[in-house]
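Visitor: I have a structure to look through and would like a short tour. Could you take me through it?

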Amino acid sequence: MSMNADSEVTITIKYLVNLSEKAGRRKEEVGFPGGSTLHDVARFLNETRDIVLPNPRVMAVLNGRGWDQHPDKWDTTVSNGDTVLLFPPISGG
C-alpha cells in the first residue's frame, strides 16, 4: 500500500546537550508531508534550527540507528511516530 503524498507524518525530534541550547528546545513534534526523507528533515533543521547535517559534531539517529546505517541512507522515508535524536559525538579514551 503506497502512502498518500498529501498525508502528513509527525515525527519527534530530540535535541541533547548543547544542541538543545542551539535549537532553543529539548524536544519538538514536527509535521512533514508524506514521503518526506531524512534529507527533508536535515533541510528543516538547517533552515529553522541552524543545525547543519551531515556534520562531524552532530550524531543523527532515527529510531535508534544512525542515518547512514539505514538501507536507504539519507533517502530513508520518515514515518508517523518516528524519533530523531541529535547529540554531539561521544569521545573517550
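Guide: The answers below go through the core, the aromatic pairs, the largest pocket and some details of the backbone. Please note that this is a predicted model.

Visitor: Understood. How many residues does the largest nonpolar core have?

Guide: That core has 23 residues. Those with the most contacts inside it are Ile13, Tyr15, Val41, Leu45, Leu53, Trp67 and Leu86.

Visitor: Which elements supply it with at least two residues each?

Guide: Four strands and two helices do so: strand 1 (8-15), strand 2 (27-33), strand 3 (59-62) and strand 5 (83-87), together with helix 1 (18-23) and helix 2 (38-49). Helix 2 gives the largest share, five residues.

Visitor: What does Leu45 touch?

Guide: Leaving aside residues up to four places away in sequence, Leu45 is in contact with Ile13, Tyr15, Asp50, Ile51, Leu53 and Leu86.

Visitor: Is there a general background to such a core?

Guide: In soluble globular proteins, nonpolar side chains tend to be buried together.

Visitor: Let us turn to aromatics. How many aromatic pairs are there?

Guide: The count is two. In one of them, the ring centres of Phe32 and Phe44 are 5.7 Å apart and the planes stand at 80°, so this pair is edge-to-face. Phe32 belongs to strand 2 and Phe44 to helix 2, so the pair ties together parts that are twelve residues apart in sequence.

Visitor: Are those two buried or exposed?

Guide: Phe32 and Phe44 are both buried. Trp67 and Trp74 also form an edge-to-face pair, with 4.8 Å from centre to centre and 75° between the planes. Trp67 and Trp74 are buried as well.

Visitor: Leu38 caught my eye. Where is it found?

Guide: Leu38 is in helix 2, and its relative accessibility is 0%, so it counts as buried. Beyond four places in sequence, its contacts are Leu62, Trp67, Lys73, Trp74, Thr76 and Val78. The C-alpha atoms of Leu38 and Val78 are separated by 6.7 Å, although the two residues are 40 residues apart along the chain.

Visitor: And Thr76, which residues does that one touch?

Guide: Thr76 touches Ser36, Thr37, Leu38, Leu62 and His70, again not counting residues up to four places away in sequence. Thr76 sits in the loop between strand 4 (65-66) and strand 5. With a relative accessible area of 11%, Thr76 is buried, because the cut-off for that class is under 20%.

Visitor: Now pockets. What is the volume of the largest one?

Guide: The largest pocket has a volume of about 160 Å³. Its lining consists of Asn18, Leu19, Lys22, Asp50, Ile51, Val52, Asn55, Arg57 and Val58. By class, four of these residues are nonpolar, two are polar and three are charged.

Visitor: Which residues does a cis peptide bond join?

Guide: The cis bond joins Leu53 and Pro54, with omega at about 0°. Pro54 lies in the loop between helix 2 and strand 3.

Visitor: What about phi at Val17?

Guide: Val17 is not a glycine, yet its phi is positive, at about 55°. Val17 lies in the loop between strand 1 and helix 1 and is exposed, with a relative accessible area of 61%.

Visitor: And what is phi at Asn63?

Guide: Asn63, also not a glycine, has a positive phi of about 50°. Asn63 is in the loop between strand 3 and strand 4 and is partly exposed, with a relative accessible area of 44%.

Technical notes:
Residues are numbered from 1 along each chain as its sequence is written. This is a predicted model: local features need pLDDT of at least 70, side-chain atom pairs count only at pLDDT 80 or more; totals for chains, interfaces and linings use all residues. Side-chain values use heavy atoms; hydrogens and water are left out. A nonpolar core is a set of buried Ala, Val, Leu, Ile, Met, Phe, Trp, Tyr and Cys residues joined through side-chain atoms within 4.5 Å. Buried means under 20% relative accessible area, exposed over 50%, partly exposed in between (1.4 Å probe, protein chains only). Contact means heavy atoms within 4.5 Å. Rings of Phe, Tyr and Trp (its six-membered ring) pair if their centres lie within 6.5 Å; planes under 30 degrees apart count as stacked, over 60 as edge-to-face and the rest as tilted. On a 1 Å grid over the protein atoms alone, a cavity is a set of points where a 1.4 Å probe fits but cannot get out, and a pocket is an open set with protein on both sides within 12 Å along at least five of seven lines; lining residues have an atom within 4 Å of a point. Grid points are joined across faces, edges and corners, and a volume is the space filled by probe spheres set on the points. Ala, Val, Leu, Ile, Met, Phe, Trp, Tyr, Cys and Pro count as nonpolar, Asp, Glu, Lys and Arg as charged, and the others, Gly among them, as polar.
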